[in-house]
Amino acid sequence: MLRLLCLFLLAAPPAVRFEKAVLPFVLENSPTAEKYLPETMAGGVATFDYNNDGRPDIFFSNGASLSSMRKDERKFWNRLYRNEGGGKFTDVTAEAGLQGSGYSIAVAAGDFNNDGNVDLFVAGVNENHLYRNLGNGKFQDVTKEAGIASGRWAAAAGWFDFDNDGLLDLFVVNYVQIPLEAAPVCKDPGQKLRVYCHPRNFRPQANTLYRNRGDGTFEDVTAKSGIDAHAGKGMGLAIADYDSDGFPDVFVTNDTMANFLFRNRGDGSFEEVAFRAGVALNTDGKPVSAMGVDFRDLNNDGLPDLVFTALTGETFPLFLNKGKGQFQDATYISRMGPLTARLAGWGIAAVDFNNDGFKDIFTANSHVTDNIEAFSGDKYELPNTVFLNDGATKFQAGAALDCKHAHRGLAVADFNNDGLPDVVVSALGAPAEIWWNRSPSPGHWLDIQLQGTKSNRDGIGARIAINGQTNHQSSAFSYASSSHGAVHFGLGSSAKADLIVVNWPSGKVQTFRDVAADRVFKIVEP
């Protein structure tokens with residue numbers, strides 16, 4: 001891989017520095033003169049350890065020929081790269097059987113059958129696939145026998161155990177109803193150039209919820225759970241127990257529509273409470289082109305907050321969880337408003353990149369419209385950006401990571417096991433980027449690796465508290481992407497974790513004291 005230094009230091013809080021490398025994978029969105037909407041939306045990325053060797057691997061979803069909606073050339077294959085260590089990755093797609101089918105958009109990683117091997121769900125334009133990890137380096141397409149359906153355009157998906165029965169269930173975010181054979185013709189404001197149509201030209205769709213039966217099959221519980229009562233134009237999802245009642249809730253970003261917050265009632269049903277909670281619209285009472293999202297505790301008060309990307313002029317909204325089911329729009333209080341007003345973003349991650357004990361924000365940026373510069377002052381290709389948390393939930397001026405491209409999906413993993421989270425980003429028509437975290441003088445760290453016994457094997461949904469911080473195990477976040485692995489904590493100057501408290505989805509609680517830092521600490525549910 002070609003490697004070059006692509007940016008830079010911020011003075012305080014502790015500096016973050018990233019070094020860029022590229023993979024030979026190029027995201028093929030199959031652009032056409034007809035400007036079909038799916039062309040803008042390919043690009044999901046997953047980081048997960050598919051072969052259990054302790055090194056995170058990378059999966060990319062990929063497009064297809066829009067004339068056939070097939071991967072009829074090798075360039076359209078989805079890709080799996082095995083992490084060999086030492087910064088090297090090997091394309092093992094063919095031997096793993098993950099070339100894929102159809103126009104793929106999103107990916108979700110999770111061990112749905114609790115066999116210790118991480119499986120993949122790949123979603124796309126009217127075609128979804130579930131791949132079971134056989135544990136021998138190969139995957140088996142079990143979509144049909146599992147009861148997973150296709151037929152809707154899916155833009156995101158996430159694994160979670162909504163009924164706390166120890167089995168991972170699947171939430172699929174659907175975008176719009178689109179007639180590919182008769183796409184509408186849309187023009188720029190001067191009516192000269194053909195452009196991608198605004199979402200208002202398409203009908204919304206309900207999302208889909210599958211309950212894991214535990215025998216390799218899933219039940220579609222979209223209707224009985226109440227999810228199908230709410231049609232949207234979903235772009236992303238993130239999952240967290242925002243009201244601390246022991247059941248995971250789902251936040252869905254909608255494109256130019258009010259967002260959804262599905263509160264888990266704990267009886268198999270959900271109620272949509274985004275307006276009541278204050279996260280449906282921005283502070284002006286308007287919907288935005290909401291895209292990727294993360295649902296993490298940004299101010300270390302024990303409650304998960306929301307931050308998501310949007311288009312130029314809309315800012316990247318940030319909502320702080322104030323407890324009692326309520327959120328506060330802190331987009332401008334946090335400084336994210338002015339910092340992102342001229343940005344358009346897709347993937348996003350809230351992670352402590354300098355290990356100072358506060359989660360920072362990394363965004364994958366680009367406008368939607370590839371010919372936007374012909375009739376607007378906006379830019380199409382943009383650099384990725386890092387925003388540093390100063391400890392008071394105020395973010396430092398965004399540092400632009402050089403190398404402008406049409407970035408899309410984003411996932412996070414510590415690829416070289418040095419305690420500094422790295423980032424992988426996809427880009428339309430350009431090589432995928434790995435951003436190696438080379439931050440100088442970072443703080444101490446601890447990665448918590450969970451193994452459930454009564455809960456799901458991944459520990460997804462478990463809440464962890466360490467030295468005044470909280471985080472939770474979840475592989476669902478960003479745009480169309482998934483990060484599966486240990487839960488990362490930066491400890492600053494502390495060389496140990498004074499107290500670790502793990503609340504498992506099963507209700508079990510474990511505590512550990514005086515745990516040495518700078519390592520992966522494995523915790524098995526009792």
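**Pockets, sheets and a disulfide in the predicted model**

The lining of the second largest pocket breaks down into 16 nonpolar, 9 polar and 6 charged residues. This is a predicted model, and that goes for everything described below. The volume of this second largest pocket comes to about 620 Å³. It is lined by 31 residues, and those closest to its centre are Tyr196, His198, Leu311, His367 and Thr369.

The largest pocket, for its part, has a volume of about 1,000 Å³. Here the lining runs to 45 residues, with Gln473, His484, Gly485, Ala486 and Val487 closest to the centre. Quite a few strands chip in: β24 (293-296), β28 (345-351), β32 (407-413), β35, β37 (469-472), β40 and β43 each give two or more residues to the lining. Which of these gives the largest share of the lining? That is β35, with 5 residues. Sorted by character, the lining of the largest pocket holds 15 nonpolar, 17 polar and 13 charged residues. As for how such spaces are found at all, rolling a probe the size of a water molecule over the atoms shows where empty space is left.

Strand β35 turns up again in a sheet. Together with two strands already met at the largest pocket, β40 and β43, it makes an open sheet of 3 strands in the order β40-β35-β43, with mixed pairing. The edges are taken by β40 (487-492) and β43 (519-524), each of which pairs on one side only. On average, neighbouring strands of this sheet are turned by 25 degrees against each other, direction ignored. Between β35 (residues 444-451) and β40 there are 5 bridges, and the two pair in the antiparallel sense. One spot to look for is histidine 444, which stands opposite glycine 492 in β40. In general, strands of a sheet pair through backbone hydrogen bonds, either parallel or antiparallel.

Another open sheet has 4 strands, arranged as β11-β12-β17-β18, and its pairing is antiparallel. Strands β11 (154-160) and β18 (218-220) sit at the edges with a single partner strand each, so one side of each has no neighbour in the sheet. From one strand to the next, the twist averages 20 degrees. At the β18 end, β17 (residues 208-212) is joined to β18 by 3 bridges, and these strands run antiparallel. Tyrosine 210 is found opposite aspartate 220 in β18.

The model also has 1 disulfide. The link runs between cysteine 186 and cysteine 197, with an S to S distance of 2.0 Å. This pair ties together distant parts of the chain, 11 residues apart: cysteine 186 is in strand β14 (residues 186-187), while cysteine 197 is in the loop between β15 (194-195) and β16 (203-206). The link between cysteine 186 and cysteine 197 is right-handed, with 100 degrees about the S-S bond. Are the two cysteines buried or exposed? Cysteine 186 has a relative accessible area of 12%, so it is buried. Cysteine 197 has 7% relative accessibility and therefore counts as buried too. The cut-off behind both calls is a relative accessible area under 20%.

Strand β4 (residues 57-60) has pairing partners in β3 and β5. It pairs with β3 (residues 45-48) in the antiparallel sense over 4 bridges, and phenylalanine 48 has aspartate 57 of β4 as its bridge partner. With β5 (residues 79-85), β4 again pairs in the antiparallel sense, over 3 bridges. In that pairing, isoleucine 58 has tyrosine 81 of β5 as its bridge partner. What about the side chains of β4? Asp57 and Phe59 point one way, Ile58 and Phe60 the other way, and all are buried. In a regular strand the side chains alternate between the two faces of the sheet.

Finally, a couple of loop residues have backbone angles worth a look. Lysine 35 is not a glycine, yet its phi is positive, about 55 degrees. This residue belongs to the loop between β2 (18-26) and β3. Lysine 35 has a relative accessible area of 14%, so it counts as buried. Asparagine 300, not a glycine either, has a positive phi of about 55 degrees as well. Asparagine 300 is located in the loop between β24 and β25 (305-308), and β24 is one of the strands that help line the largest pocket.

Notes: Residues are numbered from 1 along each chain as its sequence is written. This is a predicted model: local features need pLDDT of at least 70, side-chain atom pairs count only at pLDDT 80 or more; totals for chains, interfaces and linings use all residues. Side-chain values use heavy atoms; hydrogens and water are left out. Two strands pair if DSSP finds at least two bridges between them. Axes are lines fitted to C-alpha atoms, for helices over the stretch in contact, and angles run from 0 to 180 degrees between N-to-C directions. A disulfide is a pair of cysteine sulfur atoms within 2.5 Å. Buried means under 20% relative accessible area, exposed over 50%, partly exposed in between (1.4 Å probe, protein chains only). On a 1 Å grid over the protein atoms alone, a cavity is a set of points where a 1.4 Å probe fits but cannot get out, and a pocket is an open set with protein on both sides within 12 Å along at least five of seven lines; lining residues have an atom within 4 Å of a point. Grid points are joined across faces, edges and corners, and a volume is the space filled by probe spheres set on the points. Ala, Val, Leu, Ile, Met, Phe, Trp, Tyr, Cys and Pro count as nonpolar, Asp, Glu, Lys and Arg as charged, and the others, Gly among them, as polar.
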